[in-house]
Amino acid sequence: MNRKIQPMFSTNDGSGNPDITMWTEKILEDLKIYFVNEVSDFIIETISYVLHGKEMSVEVKTRHIELLLEYLKDKEDYEIINCSSFKIISYIFEDKLTSDILENEEYRALLEWIHSEEDIDMIESLLEYRYPISRKQKNILNEYYRTKYETIDEINDLALLTRYLNDKDIVKEIDQEYFEKLKNKFRKILNKESGVEIASLFIDYMGFLFQLSNNQKIEKQNRQIEIIKVQNLWQKDYYEEQVSNLHVHTQKLTIPSAEIESINQLLINNPLGFLNNLFPSSDENLIEKMQSISSTPLYHMVSKIEIKEQFPERDEIDLKDNTIDEILAEKINETLKTRGYKFRNIMKVEEYLTGIHEQKKRSLTYISNMINLEELYSKIYPLSEYPLIKYHDNILVAHLTQLFPLLEMGVSIIMCK
């Protein structure tokens, strides 16, 4: 669970007031010794626990429980999660640091409230935040999930099956019996459909199959075999049909020879400057790209699918293990917060991120058709410490892979400047 303390004020450069980075464990301990006060102890111990993992005293833990119980008196369930003590107590449960408060009257009152909840959404929130739910609550959830995945018997069209496949509760809880029913239902609906929506259904079903890896009720080998079958089914029976359903749109573009020559010279003489025009290299450049995307919101909100022979792909950004896109996403989010007034329409961060990548791909597609590759290659040739393959109009993979060491060397030089 992500644990952090939000400064009262934050600036565009990421700094905050107060500056939390200065709150080391030693400084917090010195402050506690200096003030020697019940209120300051509560604040300082809480901060030290969240930032440095130092366990809070019984008194501070109990006070957080008291504050939450007091907060609960006149609040709706959905508001509870916004209470800081609710989150602090969830950390205590997650870290299993309740042994010294088990006999407290306040702790017993907290458990009584937790176990009294019967609302599905609230039980799920308690579970998500590591609160200990009762067997009765677990049964309520299991029954709720069971009724959801059993609806596969009633599904007879693509739209309902798509909704089913994108339900996170179902993928977590479906059992082997209903997984077999789902496999049959998928093929049955495929046989009824012939439109371009089939590619989307294949993507959703494959995503469902990959997410099943965390479901212990489904046999691992059974799931893996189904993944292979679905990929083969697409490639052999549906790829050609889907391609034939597509409409071809062509666009003619005339560019003066002088402009093409100018682009080639810019790439050869100033490659970094050339690339800066493709990527958001400054706040102003990022804002320009975001404004362009904001002016055509419907286009960027529509899901786009690339029909490939091996398997279709949805044009989406996966931020997991992608540091560069994570940084760009944070910058986009920050720009929306501080300069949102500059945009005609406010859209999701992911939609801006996908739009920026699409702009880049489109620009590269145009430009790649205008570049004199032979001249560019002749400029790279002398830079190599090892002999390169002779240039040929029929470019091979080897022409590209041999340049990777040169690229790494260039990156190292730039990073050292």
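# A guided look at salt bridges, cores and a pocket

Arg 146 and Glu 143 form a salt bridge, with their closest N and O atoms 2.5 Å apart. Keep in mind as you explore that this is a predicted model. A search of the whole structure finds 25 salt bridges, and we will visit a few of them before turning to the nonpolar cores and the largest pocket.

**A salt bridge within one helix**

- Both Arg 146 and Glu 143 belong to helix 8 (residues 135-149), where they sit three residues apart, about one turn of the helix.
- An α-helix has 3.6 residues a turn, so residues three or four places apart point the same way.
- Arg 146 is partly exposed, with a relative accessible area of 30%, and Glu 143 is partly exposed too, at 38%.

**Salt bridges between distant parts of the sequence**

- Asp 204 and Arg 314 meet through their side chains in a salt bridge, 3.2 Å from N to O.
- Because Asp 204 lies in helix 12 and Arg 314 in strand 4 (residues 313-314), this pair ties together parts that are 110 residues apart in sequence.
- Asp 204 is buried, with a relative accessible area of 8%, whereas Arg 314 is partly exposed at 21%.
- Lys 61 forms a salt bridge with Asp 100, and their closest N and O atoms are 3.0 Å apart.
- Lys 61 is in helix 3 and Asp 100 is in the loop between helix 5 (84-94) and helix 6 (105-116), so this pair ties together parts 39 residues apart in sequence.
- Is Lys 61 buried or exposed? Lys 61 is buried, with a relative accessible area of 0%, while its partner Asp 100 is partly exposed at 32%.
- Salt bridges can also link up: Arg 3, Glu 94, Asp 95 and Arg 130 are joined in a network of them.

**A closer look at helix 3**

- Helix 3 (residues 58-72) has 15 residues, which at 1.5 Å a residue should span 21 Å; its end C-alpha atoms are 21 Å apart, so the two values agree.
- Lys 61 has company among the buried residues of helix 3, which also include Val 60, Thr 62, His 64, Ile 65, Leu 68 and Leu 72.

**The nonpolar cores**

- In soluble globular proteins, nonpolar side chains tend to be buried together.
- The largest nonpolar core here has 33 residues, and Ile 174, Leu 182 and Phe 202 are those with the most contacts inside it.
- Two or more residues of this core come from each of helix 9 (158-165), helix 10 (168-173), helix 11 (176-192), helix 12 (197-211) and helix 13 (220-245).
- Helix 12 gives the most to this core, with eight residues.
- Leaving aside neighbours within four places in sequence, Phe 202 is in contact with Phe 186, Leu 190, Val 230, Leu 233, Trp 234, Tyr 238, Phe 311 and Pro 312.
- Apart from the largest core lies another core, of 23 residues, including Phe 86, Trp 113, Ile 120 and Tyr 129.

**The largest pocket**

- How much space lies in the largest pocket? The space there is about 1400 Å³.
- This pocket is lined by 30 residues, and Pro 271, Leu 376, Ile 380, Leu 403 and Leu 407 lie nearest its centre.
- At least two lining residues come from each of helix 14 (257-269), helix 15 (271-276), helix 19 (349-368), helix 20 (373-380), helix 21 (397-401) and helix 22 (404-416).
- Helix 22 supplies the largest share of the lining, eight residues.

Methods: Residues are numbered from 1 along each chain as its sequence is written. This is a predicted model: local features need pLDDT of at least 70, side-chain atom pairs count only at pLDDT 80 or more; totals for chains, interfaces and linings use all residues. Side-chain values use heavy atoms; hydrogens and water are left out. Helices (H or I, at least four residues) and strands (E, at least two) are DSSP runs, numbered from the N terminus. The expected span of a helix is 1.5 Å times one less than its number of residues. Buried means under 20% relative accessible area, exposed over 50%, partly exposed in between (1.4 Å probe, protein chains only). A nonpolar core is a set of buried Ala, Val, Leu, Ile, Met, Phe, Trp, Tyr and Cys residues joined through side-chain atoms within 4.5 Å. Contact means heavy atoms within 4.5 Å. A salt bridge is a side-chain nitrogen of Lys or Arg within 4 Å of a carboxyl oxygen of Asp or Glu. On a 1 Å grid over the protein atoms alone, a cavity is a set of points where a 1.4 Å probe fits but cannot get out, and a pocket is an open set with protein on both sides within 12 Å along at least five of seven lines; lining residues have an atom within 4 Å of a point. Grid points are joined across faces, edges and corners, and a volume is the space filled by probe spheres set on the points.
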